[in-house]
Amino acid sequence: MPANFPYTSPLAVSSVVETQNDKFNQPLTLSQADGINTMNLSCLLCYQASPTPVCHWCEDDMFFFTSQIHGCNLLKFGPVGRHVKHSHYDSLSVLSLHTWPISSLVHQLKFTHSLAAGKVLSHWFVHKKRQCTLSVPNILLPVPISAWRLAKRHYNQAHVLCQHFQVHMKIPISTSWAYRKGFSVQHHLSRSAREKNVKKTFSLTAGCIDQYFESSHLRDTNNKAPFTVAIVDDVITTGVTVNLLSKLLKARYPNIHIQVWAMTFTPPPKSTLIKDC
């Protein structure tokens, strides 16, 4: 990087974001929050020398949803809300579109064991949530993967993201709230095939979030705000999976408020959002 070309990225070590939400109002730096060595790195995308995991040239090429332009709840933003199934959850927060270059980071996290990519994505998402006016969830719920997939991959990418959110936002995680049966994958299925598949794939566990739900009510007897959960996934395509999980949750806990957090949204082929990328 030329010496006369100063640049400060959201991922820079000195980056401190002010927030209106006191719960999130803590200085967040890459070295402190994500534990990444910021010296002698190459960019995860273009492999050029970079003091941060993603260089500012690649970062400048990315499209990010912002609360100022798109709102905090993307279900109310037509180009997204019209294309995701959302009859059982209340809000949707997404970092970006599932297009290059950010889709490469998601792929690295999901298929090549790049936990550094997960740290970058989660850091950007925390930066986004600090500017969001939606209520802070009581608990994070990573979308489960099958036991076969977990044995093969050795981690659940949604849980990895939740772990970073937990560090920065101080929100507990439940990893035993639901489980996934079978061996099938969904990223190559059509919308109708996904709907048929998820109905026989996901189930809630016996205890689910009982301990968090009950302890919250005992602790906050005078608090009339609804108990809020955030279902966390890496990619939203049709919304079928998170909608089914939300339906199961609301059947057992009728009064809870459900948010969905995802790193990327896969736009339809003719979406007007693609022009913005």
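A residue is termed buried when its relative accessible area is under 20%, and exposed when that area is over 50%. By this criterion, the buried residues of helix 11 are V240, T241, V242, N243, L244, L245, S246 and L249. The structure examined here is a predicted model.

The protein contains 11 helices and eight strands. Of its 277 residues, 52% count as buried. The accessible surface amounts to about 13,600 Å², and carbon and sulfur atoms account for 54% of this area. Contacts were also considered according to the separation of the two residues along the chain. Among contacts between residues at least 6 apart in sequence, 74% join residues that are at least 24 apart.

Four of the strands are arranged in an open sheet with parallel pairing, in the order 3-8-7-4. Strand 3 (residues 91–97) and strand 4 (residues 139–142) occupy the edges and have a single partner strand each, so one side of each is left without a neighbour in the sheet. On average, and with direction ignored, neighbouring strands of this sheet are turned by 20 degrees against each other.

The pairings can be followed across the sheet from one edge to the other. Strand 3 pairs with strand 8 (residues 257–265) in the parallel sense over six bridges, and V94 stands opposite A262 of strand 8. Strand 8 is in turn joined to strand 7 by eight bridges, the two strands running parallel. Within this pairing, T264 of strand 8 is the bridge partner of V235. Strand 7 and strand 4 also run parallel and are joined by four bridges; here, I139 has V229 of strand 7 as its bridge partner.

Burial was then examined in two of these strands. In strand 8, eight of the nine residues are buried, and the strand is thus mostly covered. In a regular strand, the side chains alternate between the two faces of the sheet. In strand 4, I139 and L141 point one way, whereas L140 and P142 point the other way, and all are buried.

Helices accompany the sheet. Helix 8 (residues 157–169) lies across strand 4, strand 7 (residues 228–236) and strand 8, and runs at about 130 degrees to strand 7. Helix 11 (residues 240–252) belongs to a right-handed β-α-β unit together with strand 7 and strand 8. This helix has 13 residues and reaches 19 Å from its first C-alpha to its last, close to the 18 Å expected at 1.5 Å a residue.

A further site of interest is F77, which is found in the loop between helix 3 (residues 67–70) and helix 4 (residues 78–81). Is this loop residue, F77, buried or exposed? Its relative accessibility is 19%, and F77 therefore counts as buried, given that the cut-off for burial is under 20%. When residues up to four places away in sequence are not counted, F77 touches F65, H70 and L273. The C-alpha atoms of F77 and L92 are separated by 9.9 Å, the two residues being 15 apart along the chain.

Conventions:
Residues numbered from 1 in each chain as written. Predicted model: local features only at pLDDT ≥ 70, side-chain atom pairs only at ≥ 80, totals over all residues. Heavy atoms only, no water. Pairing = 2+ DSSP bridges. Axes fitted to C-alpha atoms, helices over the stretch in contact; angles between N-to-C directions. Contact = heavy atoms within 4.5 Å. Buried < 20%, exposed > 50% of the residue type's maximum accessible area, 1.4 Å probe, protein only. Expected span 1.5 Å × (residues − 1). Right-handed = clockwise from strand over helix to strand, strands pointing away. Areas by Shrake-Rupley, 256 points an atom, 1.4 Å probe, with all protein chains shown as cover.
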